[in-house]
Amino acid sequence: MGGASVFSLQESVENYGCFLTADAGYDEAEAVLLGVPMDYTVSYRPGSRFGPQAIRAASVVLEEYSPALDRELGDCRICDLGDLVLPFGNVAKALDLMEQAAARFFADRKRPCFLGGEHLVSLPLIRAAHAMYPDLVVLHFDAHADLREFYMGEGLSHATVMRKVADILKPRRVYQFGIRSGTREEWDFARERTCLTGGDIPAALASVVAELAEMPEMPVYVSIDIDVVDPAFAPGTGTPEPGGCSSAELLQGVQMLKGLNIIGFDVVEVCPGTDVSERTAILAAKVVREIFCAS
């Protein structure tokens, strides 16, 4: 691996196979893929720590070519490093290791994709992105607002992650799509600090993409909680919420990101234990393919 760093990725990861075509070496890769298998703060169904492996395994079902974007995944030189080794039960230490890994990628000018794991994993990844890109914009796709200050007395939770992110970024730099669950206090906070929309994702995304397209250098981080999709299409997730978008609508939304300056992204909350048909993992893998092809 290239570049000097006090954090050794080679000593901090375990290999669990390879995502479709992601077999480039680290030095030659323009993008890297890393699993972050943490589900320590889940409030309903555990098991998303196994999400990265399930998404990799499901990726072999896909073709390399994206007809919607007219691009081959193989044209993106991607290095799949495996999964980060995390201390079980130690939330603070696990988040610190994730931030170190993400900081290494951004310092090495790689475009990272992180596979969760619960949604709290996004916090250290976005923190590292913001350290490198102070003008960062976050596009957040989710069923839940994740804007609580505390959840069951804990400040670090999958239910507080976007509140923490909003506190880090400049006001109204978090755009939230597909939201259909949250407390009154979360909605009040969103009106003040974020840009939150529910309903039709492509329609809500269109104006934001048009705005960002006028600033082609604007750094954009994308965070996708798979439960943004209705559980009829994606049952394999920790906190399913009825009333979401279809798989096709999410994919259309992801394809609309083509041309934006996506500096990194994550796909989280795939829970294979409740994904008997594997359709959630397959959808997540296709989302990963489409974002790589769009960026």
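**Exercises on a predicted model**

D146 lies in the loop between strand 7 (137-141) and helix 4 (161-168). The model is predicted, and the exercises below work through its loops, its surface and its overall dimensions.

**Exercise 1.** Determine whether D146 is buried or exposed, and state what is notable about its phi.

Solution. Step 1: the relative accessibility of D146 is 7%. Step 2: buried means under 20% relative accessible area. Step 3: D146 therefore counts as buried. Step 4: the phi of D146 is positive, about 55 degrees, although D146 is not a glycine. Step 5: most residues other than glycine have a negative phi.

**Exercise 2.** Carry out the analysis for E269: place, phi and burial.

Solution. Step 1: E269 sits in the loop between strand 11 (261-268) and helix 8 (279-294). Step 2: E269 is not a glycine, yet its phi is positive at about 70 degrees. Step 3: E269 has 3% relative accessibility and so counts as buried.

**Exercise 3.** Describe the peptide bond between G116 and G117, and the surroundings of G117.

Solution. Step 1: omega is about 15 degrees, and the bond joining G116 and G117 is cis. Step 2: most peptide bonds are trans. Step 3: G117 belongs to the loop between strand 6 (111-116) and helix 3 (122-132). Step 4: the relative accessible area of G117 is 0%, so G117 is buried. Step 5: G117 and P52 are separated by 65 residues in sequence, while their C-alpha atoms are 7.2 Å apart in space.

**Exercise 4.** Which residues form the negative surface patch, and where in the chain does E63 lie?

Solution. Step 1: the patch is made up of E63, E64, E72 and D75. Step 2: E63 is found in the loop between helix 1 (51-59) and strand 3 (65-66). Step 3: exposed means over 50% relative accessible area. Step 4: E63 has 59% relative accessibility and therefore counts as exposed.

**Exercise 5.** Compare the radius of gyration of the protein chain with that of a compact globule, then add the box, the burial and the secondary structure.

Solution. Step 1: for 295 residues, a compact globule would have a radius of gyration near 19 Å. Step 2: the protein chain has 17 Å, which agrees. Step 3: along the principal axes, the C-alpha atoms fill a box of roughly 45 × 40 × 40 Å. Step 4: 57% of the 295 residues count as buried. Step 5: the secondary structure of the chain comprises 8 helices and 11 strands.

How values were computed. Residues are numbered from 1 along each chain as its sequence is written. This is a predicted model: local features need pLDDT of at least 70, side-chain atom pairs count only at pLDDT 80 or more; totals for chains, interfaces and linings use all residues. Side-chain values use heavy atoms; hydrogens and water are left out. Patches are made of residues with over 30% relative accessible area and no salt bridge: like charges are joined within 9 Å, nonpolar side chains (Val, Leu, Ile, Met, Phe, Trp, Tyr) within 5 Å. Accessible areas come from the Shrake-Rupley method with a 1.4 Å probe; for residues, only the protein chains shown count as cover. A salt bridge is a side-chain nitrogen of Lys or Arg within 4 Å of a carboxyl oxygen of Asp or Glu. Lys and Arg count as positive and Asp and Glu as negative; His and the chain ends are not counted. The place of a charge is taken as NZ of Lys, CZ of Arg, CG of Asp or CD of Glu. Helices (H or I, at least four residues) and strands (E, at least two) are DSSP runs, numbered from the N terminus. Buried means under 20% relative accessible area, exposed over 50%, partly exposed in between (1.4 Å probe, protein chains only). The radius of gyration is taken over C-alpha atoms; the globule rule is 2.2 Å times the number of residues to the power 0.38.
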